[in-house]
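Here's a quick tour of a ligand site and the empty spaces elsewhere in the protein. Have the structure open while you read.

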Amino acid sequence: MSGKKYFHHQNWIAERYSLNAGFVPELGQPVVDLLKPQTGELILDLGCGEGTLTEKLLEFATSVIGVDNSLNQIEAAKKKGLLVCMADGHSLPFQENFDGIFSNAALHWMSSDPNAVLLEVWRALKKGGRFAAEMGGQGNVASITNALSNALKRRNIDPDSVFPWYFPSSQTYSAQLKKAGFLISYIELFNRPTELPGDISGWLETFGESFLFTVPSEERAYIVTEVAEELRPHLFKKGKWIVDYVRLRFLAEKPA
Ligand code: BEZ
């Protein structure tokens with residue numbers, strides 16, 4: 001493997017996200033149901049993206065604040081009139097403010113230090129507050145990560161050095177929640193095969209930049225084609241791309 005240093009790289013372009021990943025917030029309703037936001041409550045949407053679920057939460061709670069680490073996504077959420085600000089889950093500007101914290105398909109991107117993220121969630125919650133979330137769990141999108149890793153290995157690049165996600169098992173994440181002080185009401189890891197709205201290349205371009213940006217721009221399209229062809233026999237069924245998503249969904253409480 002080459003000794004060159006690579007960095008995690010991810011551009012969040014709101015229009016590209018909506019086109020290739022509009023299904024992500026659409027599938028977030030069960031997490032809203034798990035949180036059960038109530039009138040009078042203040043809720044934090046951690047990793048709110050362009051705010052589709054922030055808006056949904058506002059149908060139930062009195063106030064919702066969204067945070068996201070992407071300026072582009074925050075600007076898209078602001079255009080919807082939502083109360084949002086830029087913040088990283090590793091360092092949240094809150095202290096016992098929220099009745100509930102919600103997060104859908106975002107925690108796996110906060111991969112530098114998942115324990116630190118949980119301590120920030122803990123600090124942001126009021127005593128008696130609840131934390132309802134869903135993230136990629138162990139084995140999530142494994143076909144894709146394998147194919148991307150193979151493409152980099154063929155180029156003498158270590159894929160582990162750019163792997164941008166944290167996909168824990170239920171056991172590992174339960175231990176981390178407990179270590180942070182949470183009581184777990186529910187936690188489940190389950191397969192959720194997910195049909196893409198378009199071609200797998202859109203998914204790879206939207207989410208795979210950390211892998212793709214290890215090579216010069218002119219070579220990225222070759223990697224996308226190579227990876228798509230490796231995946232086709234596994235994920236392309238009856239004219240549809242079905243991706244091997246695995247979700248880790250949980251509800252935890254900060255004791256009163
Ligand atoms: C997910 O929601 O599980 C996910 C989305 C993009 C990249 C990796 C995982």
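In this predicted model, the side chain of Arg247 puts an N or O atom 2.6 Å from an oxygen atom of the ligand. Asn140 does something similar, with a side-chain N or O atom 2.7 Å from a ligand oxygen. For His108, the distance from a polar side-chain atom to an oxygen atom of the ligand is 3.5 Å. On its own the ligand would expose 260 Å², and the protein buries 98% of that.

So much for the polar contacts; now the rest of the shell. Besides His108, Asn140 and Arg247, the residues around the ligand include Ala105, Trp109, Trp165, Phe167, Trp203, Phe207 and Tyr245. By class, that shell has seven nonpolar residues, two polar ones and one charged one. Helix H9 (200-207) and strand E8 (240-253) each chip in at least two shell residues. And where does the ligand sit? It's in the largest pocket.

There are also closed spaces to look at: the count is two cavities of 30 Å³ or more.

| Cavity | Space | Lining residues |
|---|---|---|
| Largest | About 40 Å³ | Leu107, Met110, Pro114, Val117, Met135, Tyr166, Tyr173 |
| Second largest | About 30 Å³ | Asn20, Leu196, Pro197, Gly198, Asp199, Gly202, Trp203 |

The linings go like this. Around the largest cavity you'll find seven nonpolar residues, with no polar and no charged ones. The second largest cavity has a mix: three nonpolar, three polar and one charged. Trp203 is worth clicking on, since this residue is part of the shell around the ligand and also lines the second largest cavity.

Note on methods
Residues numbered from 1 in each chain as written. Predicted model: local features only at pLDDT ≥ 70, side-chain atom pairs only at ≥ 80, totals over all residues. Heavy atoms only, no water. Near = heavy atom within 4 Å. Polar contact = N/O pair within 3.5 Å; in protein donor to acceptor, adjacent residues only side chain to side chain. Areas by Shrake-Rupley, 256 points an atom, 1.4 Å probe, with all protein chains shown as cover. 1 Å grid on protein atoms, 1.4 Å probe; cavity = no way out; pocket = protein on both sides within 12 Å on 5 of 7 lines; lining within 4 Å. Sits in = over half its atoms within 2 Å of the grid points. Helix = DSSP H or I, 4+ residues; strand = E, 2+ residues; numbered from the N terminus. Nonpolar A, V, L, I, M, F, W, Y, C, P; charged D, E, K, R; others polar. Points joined across faces, edges and corners; volume = space filled by probe spheres on them.
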